[in-house]
Amino acid sequence: TITLAQPVAQASSGAFSANSATVTLGSLTTQRNCLVACIGGYHVGTVTSVTSAASPTGWASAAVLDVAGVTCEIWICPGITTAAATVTAQATNIGQIGVTVFELAGVVASSPLDVSAPGGSVPSPTVMSWSSGTSSAYQAGDVLIGLCASSRGTAGYTLTGPSSPWVNETAINTSLSGISSRFLAGYQITT
């Protein structure tokens with residue numbers, strides 16, 4: 001449970017056309033904080049590992065959703081032990097990868113994940129739902145993190161996130177071999 005007034009210490013994003021993606025953080029991480037990597041991809045298969053100098057082996061998969069070749073995964077690393085400037089995600093296939101990394105302060109070092117509710121479908125190109133279901137397991141001050149990834153064969157579409165009280169990071173837009181992909185991560189501090 002988050003107990004600090006400003007639990008999101010920093011967030012950084014990047015887009016890559018490869019099977020590996022390294023995001024450079026805006027500043028070094030702080031010991032005992034928690035890192036959360038939101039990874040969206042088209043034709044990347046599954047994420048096989050997430051690492052950082054802060055905790056090369058402390059990462060665990062928290063949520064996985066793969067629908068029609070579009071992958072969304074969230075990985076967490078609680079209680080980081082060493083300052084780090086980068087986070088790297090490795091996938092099984094070469095494809096389009098979007099990664100957003102959040103550093104959270106005040107998160108318990110063991111078992112910080114209360115609920116995982118992945119959800120998704122293959123919507124029409126113009127309709128998309130942000131709902132992954134509901135949960136009553138959170139408390140005021142908890143941080144909810146969400147990720148959406150989409151892909152289609154033509155350019156010229158926009159992916160927008162949920163409205164306030166969600167805080168959306170900048171959408172990541174990529175294109176490779178005529179396929180356009182969009183990735184968006186965000187968070188909400190519950191009240």
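Does Ser52 count as buried or exposed, and at what relative accessibility? At 7% relative accessibility, Ser52 counts as buried, because buried means under 20% relative accessible area. Keep in mind as we walk through that this is a predicted model.

Let's start with the overall layout. The protein has zero helices and 10 strands, so the pattern along the sequence is simply β-β-β-β-β-β-β-β-β-β. There are 191 residues, and 40% of them count as buried. Contacts reach across the sequence: among those between residues at least 6 apart, 77% join residues at least 24 apart. On the outside, the protein exposes about 9,100 Å², with carbon and sulfur atoms supplying 54% of that area.

Now for the interior. The largest nonpolar core has 20 residues, and Val36, Cys38, Ile74, Phe102 and Leu104 have the most contacts inside it. Several strands give two or more residues to this core: β2 (34–42), β4 (60–67), β5, β6 (86–104), β7 (143–152) and β10 (179–189). Strand β5 provides the largest share, four residues. A second, separate core holds 19 residues, including Val44, Trp75, Ala91 and Ile97.

Val36 is a good place to look at these surroundings in detail. Leaving aside neighbours within four places in sequence, Val36 is in contact with Trp59, Ile74, Trp75, Ile76, Thr100, Val101, Phe102, Leu104 and Ile145. Ile74, Phe102 and Leu104 in that list are also among the residues with the most contacts inside the largest core. Trp75, by contrast, belongs to the second core.

Next comes a charged residue in the interior. Glu73 sits in strand β5, which spans residues 70–77. Glu73 is buried yet has no salt bridge, and the nearest side chain of opposite charge, Arg182, is 20 Å away. A salt bridge needs a side-chain nitrogen of Lys or Arg within 4 Å of a carboxyl oxygen, so Arg182 at 20 Å does not supply one. What lies 3.0 Å from a polar atom of the Glu73 side chain? The partner is the backbone nitrogen of Val47. Beyond four places in sequence, Glu73 touches Ala37, Cys38, Ile39, Thr46, Val47, Ser61, Ala63, Val64 and Leu147.

Two of those partners, Thr46 and Val47, bring us to the region around strand β3. Thr46 lies in the loop between β2 and β3, and is partly exposed, with a relative accessible area of 43%. Apart from neighbours within four places, Thr46 is in contact with Glu73, Gln90, Ala91 and Thr92. Thr46 and Gln90 are 44 residues apart in sequence, while their C-alpha atoms are 8.6 Å apart in space.

Strand β3 itself covers residues 47–52 and includes Thr48. At 45% relative accessibility, Thr48 counts as partly exposed. Its contacts outside the four-place window are Trp75, Gln90, Ala91 and Thr92. Thr48 and Asn19 are 29 residues apart in sequence, with a C-alpha to C-alpha separation of 10.0 Å. Ser52, where we began, is also in strand β3. Leaving aside its neighbours within four places, Ser52 is in contact with Leu35, Trp59, Ala84, Thr86 and Val87. Trp59 is also a contact of Val36.

Finally, some backbone details in the loops. Most residues other than glycine have a negative phi, and most peptide bonds are trans. Arg32 departs from the first pattern: its phi is positive, about 75°, although it is not a glycine. Arg32 lies in the loop between β1 (8–24) and β2, and at 65% relative accessibility Arg32 counts as exposed.

Which residues are joined by a cis peptide bond? The pair is Ser164 and Pro165, with omega about 20°. Pro165 is placed in the loop between β7 and β8 (167–168). Gly161 lies in the loop between β7 and β8 too, and counts as partly exposed at 24% relative accessibility. The C-alpha atoms of Gly161 and Leu184 are separated by 7.0 Å, although the two residues are 23 apart along the chain.

Note on methods:
Residues are numbered from 1 along each chain as its sequence is written. This is a predicted model: local features need pLDDT of at least 70, side-chain atom pairs count only at pLDDT 80 or more; totals for chains, interfaces and linings use all residues. Side-chain values use heavy atoms; hydrogens and water are left out. Buried means under 20% relative accessible area, exposed over 50%, partly exposed in between (1.4 Å probe, protein chains only). Lys and Arg count as positive and Asp and Glu as negative; His and the chain ends are not counted. A polar contact is a pair of N or O atoms within 3.5 Å; within protein, one must be able to donate a hydrogen and the other to accept it, and residues adjacent in sequence count only if both atoms are side-chain atoms. Contact means heavy atoms within 4.5 Å. Accessible areas come from the Shrake-Rupley method with a 1.4 Å probe; for residues, only the protein chains shown count as cover. A nonpolar core is a set of buried Ala, Val, Leu, Ile, Met, Phe, Trp, Tyr and Cys residues joined through side-chain atoms within 4.5 Å.
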